[in-house]
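Colleague: Please pick a single part of this model and take a close look at it for me. I would like to hear how that part is packed and what surrounds it.

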Amino acid sequence: MEDTLTDGVVTLARWCPEHRDAQVETVVGSLDHLAAWMPWAIDGYDLAKGDEFLTRAASQWESGEEYNYAIYTPDGELAGSCGLMRRADGWEIGYWLAKSQTGKGYVTRASALLVALAWRLGAAQVMIKHDARNVRSQAVPERLGFSQAGEEPAEGRLPSACSEVNVVWRLERPA
């Protein structure tokens with residue numbers, strides 16, 4: 001599996017233990033923004049949670065279950081995270097950005113790189129799911145040509161901004 005992906009603007013780098021301090025600092029610096037949408041951020045974030053994430057990411061990478069990447073800006077600043085997660089019916093893309101990095105197209109670029117990776121892995125389709133109220137996340141699959149495939153009930157403990165509905169988007173492998 002490729003440890004680094006780039007489109008010449010954003011660079012995706014496989015999460016590694018040496019990224020922990022920057023990862024935790026980025027999450028903590030945007031906690032109000034992230035906790036509104038991300039269940040893992042509801043109760044705060046600290047070094048122990050950073051270590052837990054990186055340990056889990058390494059294990060999932062080795063098993064081929066998930067490929068999680070740090071998103072870096074053109075000037076090398078950590079902007080957020082994205083991942084390609086194996087699902088029974090294809091691969092799913094997930095992402096988050098630091099509050100200061102939103103609106104710059106970084107997640108769309110990162111997601112395009114992950115779609116290309118999914119095709120190289122032989123995927124028949126790629127999905128993106130987001131809360132029905134998260135219009136910024138909705139813009140990503142729209143820009144990349146995904147089709148809205150439906151809605152599903154949200155599960156688990158929901159962050160404050162979330163509804164109880166996830167929108168599901170699909171992109172079929174080109175013929």
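**Two helices and the sheet beneath them**

Modeller: Gladly. Helix H5 (residues 135-143) lies across strand E5 (90-97), E6 and E8, running at about 160° to E6. A word on the ground rules: this is a predicted model, in which local features need pLDDT of at least 70 and side-chain atom pairs count only at pLDDT 80 or more, while totals for chains, interfaces and linings use all residues. Residues are numbered from 1 along each chain as its sequence is written, and side-chain values use heavy atoms, with hydrogens and water left out.

Helices (H or I, at least four residues) and strands (E, at least two) are DSSP runs, numbered from the N terminus. Axes are lines fitted to C-alpha atoms, for helices over the stretch in contact, and the angles run from 0 to 180 degrees between N-to-C directions. Contact itself means heavy atoms within 4.5 Å.

Staying with H5, its buried residues are Ser-137, Ala-139, Val-140 and Pro-141; here buried means under 20% relative accessible area, exposed over 50%, and partly exposed in between, with a 1.4 Å probe and protein chains only. The cover over those residues includes E5, H4, E6 and E8. From the side of H4 (residues 106-120), Thr-108 belongs to that helix, and its relative accessible area of 13% makes Thr-108 buried. Beyond residues up to four places away in sequence, Thr-108 touches Val-140, Arg-143 and Leu-144. After H5 comes Gly-145, with a positive phi near 85°.

Now the sheet below. It is an open one of 8 strands in the order E1-E2-E3-E4-E5-E6-E8-E7, with mixed pairing; two strands pair if DSSP finds at least two bridges between them. Strand E1 (4-6) and strand E7 (147-153) are at the edges with a single partner strand each, so one side of each has no neighbour in the sheet. On average, neighbouring strands are turned by 25° against each other, direction ignored.

Under H5, strand E6 (residues 125-131) and strand E8 (residues 165-172) are antiparallel partners over 7 bridges, and Ile-128 has Trp-169 in E8 as its bridge partner. Towards the E1 edge, E1 and E2 run antiparallel and are joined by 3 bridges, with Leu-12 in E2 as the bridge partner of Leu-5. These two strands make a hairpin with 4 residues between them, and Gly-8 in the turn has a positive phi of about 90°. E2 and E3 are also antiparallel, over 4 bridges, and Ala-13 stands opposite Ala-70 in E3.

That brings us to another helix on the sheet. Helix H3 (residues 47-63) lies across strand E2 (11-14), strand E3 (66-72) and strand E4 (78-87), at about 125° to E3. The expected span of a helix is 1.5 Å times one less than its number of residues; for the 17 residues of H3 that gives 24 Å, and its end C-alpha atoms are 24 Å apart, which agrees.

Which residues of H3 are buried? They are Gly-50, Phe-53, Leu-54, Ala-57, Gln-60 and Trp-61. Down the axis of H3 they fall within an arc of 130°, so they line one face of the helix; the arc is that of the directions from the helix axis to the C-beta atoms. An α-helix has 3.6 residues a turn, so residues three or four places apart point the same way. E2, helix H1 (20-29), E3 and E4 are what the buried residues of H3 pack against, whereas the face turned away from its buried side carries the exposed residues Ala-48, Glu-52, Thr-55, Glu-62 and Ser-63.

The H1 side can be seen through Arg-20, which is in helix H1. Leaving aside neighbours within four places in sequence, Arg-20 is in contact with Leu-47, Gly-50, Asp-51 and Leu-54. The C-alpha atoms of Arg-20 and Glu-52 are separated by 9.9 Å, with the two residues 32 apart along the chain.

Past the end of H3, Gly-64 follows with a positive phi near 80°. Within H3, Trp-61 is one of the residues touched by Met-1, not counting those up to four places away in sequence. Met-1 sits in the segment before E1 and counts as partly exposed at 41% relative accessibility.
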